[in-house]
Amino acid sequence: DGIRDYKVTGVQTCALPIFDSMSELVIPLFREGRVFGVLDLDSPVSNRFSARHEEGIAALARVFEASVA
């Protein structure tokens, strides 16, 4: 089915598609000056993410941080 369970210590199990990641964009999430999580995007396409993607996802991260503050 192309989905596998993925477990990280201290993180809830989530389903991830099985593919070779050729590009990754990771944006840290901060609360009170400390990292409490990340937005982690992967793509099977090489060089998929641009500076514009990074700026947009970083802006989304700031909105998410404000909503959980």
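# Report on a predicted single-chain model

Of the 69 residues in the chain, 13% are buried. The model described here is predicted. The chain contains one helix and four strands, and from the N terminus on these elements follow the order β-β-β-β-α. Among contacts with a separation of 6 or more, 35% join residues that stand 24 or more positions apart. The chain exposes about 5,500 Å², and carbon and sulfur atoms supply 54% of this area.

## The aromatic pair

The count of aromatic pairs in the structure comes to one. The ring centres of Phe-36 and Phe-64 are 6.3 Å apart and the ring planes meet at 25°; the pair is therefore stacked, since planes under 30 degrees apart count as such. This pair links distant parts of the chain: Phe-36 belongs to strand 4 (residues 34-43) and Phe-64 to helix 1 (residues 51-68), with their positions 28 residues apart.

Both rings belong to residues of intermediate accessibility. Phe-36 has a relative accessible area of 31% and is partly exposed. Phe-64, at 37%, is partly exposed as well. Phe-36 also has a charged neighbour: Arg-31 lies over the face of its ring, at 4.3 Å from the ring centre.

## The nonpolar patch

A nonpolar patch on the surface is formed by Val-26, Phe-30, Val-35 and Val-38, which together have about 320 Å² of accessible area. Strand 3 (23-31) and strand 4 each supply at least two residues of this patch. One of the members, Phe-30, is placed in strand 3. Phe-30 counts as partly exposed because its relative accessibility is 36%, a value between the limits of 20% and 50%.

## The salt bridge and the surroundings of Glu-65

The structure holds one salt bridge. Its partners are Glu-65 and Arg-62, whose closest N and O atoms are 2.8 Å apart. Both residues lie in helix 1, three residues apart, which is about one turn of the helix.

How do the two partners stand in accessibility, buried or partly exposed? Glu-65 counts as buried because its relative accessibility is 12%, a value under the limit of 20%. Arg-62, by contrast, counts as partly exposed at 37%.

Glu-65 also has neighbours that are remote in sequence. Leaving aside residues up to four places away, Glu-65 touches Pro-28, Leu-29, Phe-30 and Phe-36. Two of these names have appeared above: Phe-30 is a member of the nonpolar patch, and Phe-36 is a partner in the stacked pair. Arg-31, the residue over the face of Phe-36, is 34 residues from Glu-65 along the chain, yet their C-alpha atoms are separated by 6.7 Å.

## Positive phi values in two loops

Most residues other than glycine have a negative phi. Two residues of this chain depart from that pattern. Glu-32 is not a glycine, yet has a positive phi of about 55°. Asn-47, likewise a residue other than glycine, has a positive phi near 55°.

Where in the chain does Glu-32 lie? Glu-32 is found in the loop between strand 3 and strand 4. Asn-47 is in the loop between strand 4 and helix 1. Glu-32 is exposed, with a relative accessible area of 80%, and Asn-47 is exposed, with a value of 69%.

## A further position in helix 1

Glu-55 is placed in helix 1. Glu-55 counts as exposed because its relative accessibility is 57%, over the limit of 50%. The C-alpha atoms of Glu-55 and Ile-27 are 9.8 Å apart in space, while the two residues are 28 apart in sequence.

## Accessibility of selected residues

The table gathers values discussed above.

| Residue | Relative accessible area | Class |
|---|---|---|
| Glu-65 | 12% | buried |
| Phe-36 | 31% | partly exposed |
| Phe-30 | 36% | partly exposed |
| Phe-64 | 37% | partly exposed |
| Arg-62 | 37% | partly exposed |
| Glu-55 | 57% | exposed |
| Asn-47 | 69% | exposed |
| Glu-32 | 80% | exposed |

Technical notes. Residues are numbered from 1 along each chain as its sequence is written. This is a predicted model: local features need pLDDT of at least 70, side-chain atom pairs count only at pLDDT 80 or more; totals for chains, interfaces and linings use all residues. Side-chain values use heavy atoms; hydrogens and water are left out. Buried means under 20% relative accessible area, exposed over 50%, partly exposed in between (1.4 Å probe, protein chains only). Contact means heavy atoms within 4.5 Å. Accessible areas come from the Shrake-Rupley method with a 1.4 Å probe; for residues, only the protein chains shown count as cover. Rings of Phe, Tyr and Trp (its six-membered ring) pair if their centres lie within 6.5 Å; planes under 30 degrees apart count as stacked, over 60 as edge-to-face and the rest as tilted. A charge sits over a ring if NZ of Lys or CZ of Arg is within 6 Å of the ring centre and within 35 degrees of the ring normal. Patches are made of residues with over 30% relative accessible area and no salt bridge: like charges are joined within 9 Å, nonpolar side chains (Val, Leu, Ile, Met, Phe, Trp, Tyr) within 5 Å. A salt bridge is a side-chain nitrogen of Lys or Arg within 4 Å of a carboxyl oxygen of Asp or Glu.
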